[in-house]
Amino acid sequence: MPYPTDQETFWKLVEIGGKLRECHLMHIEFDTAAYSFVGDGTNEVVKPEYKNGRVYISKTQYFDNVPQAQWEQYIGGYQPLQKWLKDRKKTMLSAEDIEHYKKIIAALRLTEELMTEIDQVVEF
């Protein structure tokens, strides 16, 4: 945990931390247009796997344009994109589930950006 050395740094970290909290609580609007759900099928999560920017839930259906960094990203000791799908194995994803997963991708991307901002403020 970075420790602020002055008041200005403290308030910058408060601001970024607030954005990070809102991001993780999913209390903000995410732009999910870049992450499309593609393919014909039943929307059943069969075997989640990542290949070439795609997160496959089955042989014929996948989420497209998913950055590998987000697929591999850890939060709290686990990888959210992988865990979310593994927890829904043998489940048919609803339209709401698909949109929620796209929001998780966007939230992880924003998390990466905010963590970079924190690193720049603190200058390790």
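# Exercises on a predicted model

Helices α1 and α4 pack with their axes 10 Å apart, at an angle of about 170°. The model is predicted. The exercises below start from this pair of helices and then move to the sheet and to single residues.

## Exercise 1. The packing of α1 and α4

Task: State how α1 and α4 are oriented relative to each other, and list the residues that make the contact.

Solution.

Step 1. Two packed helices are described by the angle between their axes and the distance between the axes.

Step 2. The angle here is about 170°, and angles over 145 degrees count as roughly antiparallel. α1 and α4 are therefore roughly antiparallel to each other.

Step 3. On the α1 side, the contact is made by Thr9, Lys12, Leu13, Ile16, Lys19, Leu20, Cys23 and His24. On the α4 side, the residues include Ala107, Leu110, Thr111, Leu114 and Ile118.

## Exercise 2. Helix α1 from end to end

Task: Check the length of α1 against the expected span, then describe its ends and its buried residues.

Solution.

Step 1. Helix α1 covers residues 7–24, which is 18 residues. At 1.5 Å a residue these should span 26 Å, and the end C-alpha atoms are 25 Å apart, so the two values agree.

Step 2. At the N-terminal end, Asp6 acts as a cap: one of its side-chain oxygens lies 3.1 Å from the backbone nitrogen of Glu8.

Step 3. After α1 comes Met26, with a positive phi near 60°.

Step 4. Thr9, Leu13, Ile16, Gly18, Leu20 and Cys23 are the buried residues of α1. Helix α4 is among the elements that cover them.

Step 5. An α-helix has 3.6 residues a turn, so residues three or four places apart point the same way. Buried residues of α1 such as Thr9, Leu13 and Ile16 can be read with this spacing in mind.

## Exercise 3. Helix α4 and two of its residues

Task: Repeat the length check for α4, say what covers its buried residues, and classify Leu110 and Asp119 as buried, partly exposed or exposed.

Solution.

Step 1. The 28 residues of α4 reach 41 Å from the first C-alpha to the last, close to the expected 40 Å. The residue Glu123 follows α4 and has a positive phi, near 50°.

Step 2. The buried residues of α4 include Ile98, Tyr101, Ile104, Ile105 and Leu108. Their cover includes α1, β1, β3, β4, α2 and α3.

Step 3. Leu110 belongs to helix α4. Its relative accessible area is 23%, so Leu110 is partly exposed. Apart from neighbours within four places in sequence, Leu110 is in contact with Cys23, Ile28 and Phe30.

Step 4. Asp119 is also found in helix α4. Its relative accessible area of 40% makes Asp119 partly exposed. Between the C-alpha atoms of Asp119 and Leu13 there are 9.9 Å in space, and 106 residues along the chain.

## Exercise 4. The sheet

Task: Give the strand order of the sheet and name the edge strands.

Solution.

Step 1. The four strands form an open sheet in the order β1-β4-β3-β2, and the pairing is antiparallel.

Step 2. β1 and β2 pair on one side only, which makes them the edge strands.

Step 3. β2 is joined to β3 (residues 54–56) by three bridges, and the two run antiparallel. Across from Tyr50 stands Val55 in β3.

## Exercise 5. Asn43 in its loop

Task: Decide whether Asn43 is buried or exposed, and describe its surroundings.

Solution.

Step 1. Asn43 sits in the loop between β1 (37–38) and β2 (49–51).

Step 2. The cut-off for a buried residue is under 20% relative accessible area. At 19% relative accessibility, Asn43 therefore counts as buried.

Step 3. The side chains of Asn43 and Gln61 make a polar contact at 2.7 Å.

Step 4. With neighbours within four places in sequence left aside, the contacts of Asn43 are Phe37, Ile57, Gln61, Thr91, Met92, Leu93 and Ile98.

## Exercise 6. The chain as a whole

Task: Place the elements above in the pattern of the protein chain.

Solution.

Step 1. The protein chain has four helices and four strands. Along the sequence they follow the pattern α-β-β-β-β-α-α-α.

Step 2. Of its 124 residues, 36% count as buried.

Step 3. Among contacts between residues at least 6 apart in sequence, 59% join residues at least 24 apart.

Technical notes: Residues are numbered from 1 along each chain as its sequence is written. This is a predicted model: local features need pLDDT of at least 70, side-chain atom pairs count only at pLDDT 80 or more; totals for chains, interfaces and linings use all residues. Side-chain values use heavy atoms; hydrogens and water are left out. Buried means under 20% relative accessible area, exposed over 50%, partly exposed in between (1.4 Å probe, protein chains only). A polar contact is a pair of N or O atoms within 3.5 Å; within protein, one must be able to donate a hydrogen and the other to accept it, and residues adjacent in sequence count only if both atoms are side-chain atoms. Contact means heavy atoms within 4.5 Å. Two strands pair if DSSP finds at least two bridges between them. The expected span of a helix is 1.5 Å times one less than its number of residues. Axes are lines fitted to C-alpha atoms, for helices over the stretch in contact, and angles run from 0 to 180 degrees between N-to-C directions. Angles under 35 degrees count as roughly parallel, over 145 as roughly antiparallel, 65 to 115 as roughly perpendicular and the rest as oblique.
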